[in-house]
Amino acid sequence: MGRAERAGGRQEAGRLSDILDGQPTDASVLAEIYDLEHEAIDEDLPFYREMAHRFPGPAIDLGCGSGRLFGPLLAGGGGPIVGIDGSPSLLERAAARIAADARLNAARADGWIELAVGDVRHVRRTERFALAILAGVIAHLDGPEEALRSLVSARRLLARDGVLVVDTLGPGALPERDLPLSLDWEHAEGDRRFVRRSRLERRETPEGLRVRYATLTDVVRSDGTIARLPASFRLWYPSPTALVALAAEAELAVESVFGSHDLDPLDDDSERCIVVVRPTRADPGKG
Ligand SMILES: C[S@@+](CC[C@H](N)C(=O)[O-])C[C@H]1O[C@@H](n2cnc3c(N)ncnc32)[C@H](O)[C@@H]1O
């Protein structure tokens, strides 16, 4: 049995798929902070809208977080849309996002958007998808074995002509040295101010860059009280070559590789590494 086949098996006991579980800070508060921070990221939205336009039909957003991509996917012609995430707290934020947006809300009421708690390393669905997305998720999987599991799982979800988009940081965006604890983000929301400090330790390994990322977020209220909320994450960034090799191992052929959401070619300075892949063979029961 090859590594790709073993990777399709059940997940061994180990790290949970909820990245906010087991943190010293309440998961729903971390999810709120995550949302405030990620809300500002919109440079990739036209890209996902265009992908949904090019590959219309059922779409699955694997590791959807708070559902940032649902609007563009829907606007591009994607649907029905399934959002899978390991974090119930982030899925609650996704549900809130949908409820606050008339178009998304109508789509969900029509059964056109579904949210489900799940682990991207072994998602099982009966339907097949024209578009599957792993955006910002590979970094949270603890290295090549887990990434391979998620790629095999995603391949099995694809329709015959479906594609998977794997979107992660490019070589030009990776930290070149450790960063001491320093201020990296501030945001005011109502009567609260969020001030986040973070520290980063990097380690080059044969399989890619490993990063320990520790954050300390102060929630400062107008009455002067401060809640200090720690969290830490283990991240992993494969090189583009390693990612393409894993895709091949998962029986996925590369259709295109981009170094940005504007479709620039990938090079050593690229901020993103976006790999679009297709299954190299039909899986049984495929649509
Ligand atoms: C950086 S966020 C990206 C969220 C979303 N894709 C976006 O682009 O806004 C990474 C997401 O992956 C999810 N995640 C990490 N590991 C997972 C796993 N094994 N199974 C399911 N979700 C996972 C996290 O909960 C988080 O929502």
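The chain folds into eight helices and eleven strands. Both are DSSP runs: helices are H or I with at least four residues, strands are E with at least two. This is a predicted model, in which local features need pLDDT of at least 70, side-chain atom pairs count only at pLDDT 80 or more, and totals for chains, interfaces and linings use all residues. Residues are numbered from 1 along each chain as its sequence is written, and side-chain values use heavy atoms, without hydrogens and water.

The overall form comes next. The C-alpha trace spans about 60 × 45 × 40 Å along its principal axes. Of the 287 residues, 51% are buried, meaning under 20% relative accessible area (1.4 Å probe, protein chains only). The chain exposes about 13400 Å², and carbon and sulfur atoms supply 51% of that. Accessible areas come from the Shrake-Rupley method with a 1.4 Å probe.

Now the ligand. It has 20 residues around it, where near means a heavy atom within 4 Å. Gly63, Arg68, Asp85, Val120 and Ala135 come nearest. The shell divides into eight nonpolar, eight polar and four charged residues. Here Asp, Glu, Lys and Arg count as charged; Ala, Val, Leu, Ile, Met, Phe, Trp, Tyr, Cys and Pro as nonpolar; the others, Gly among them, as polar.

Nitrogen atoms of the ligand make these polar contacts (N or O pairs within 3.5 Å):

| Residue | Partner atom | Distance |
|---|---|---|
| Asp119 | side-chain N or O | 3.0 Å |
| Val120 | polar backbone atom | 3.0 Å |
| Ala135 | polar backbone atom | 2.8 Å |

Taken alone, the ligand exposes 600 Å², and the protein buries 94% of that.

Technical notes
A polar contact is a pair of N or O atoms within 3.5 Å; within protein, one must be able to donate a hydrogen and the other to accept it, and residues adjacent in sequence count only if both atoms are side-chain atoms. Buried means under 20% relative accessible area, exposed over 50%, partly exposed in between (1.4 Å probe, protein chains only).
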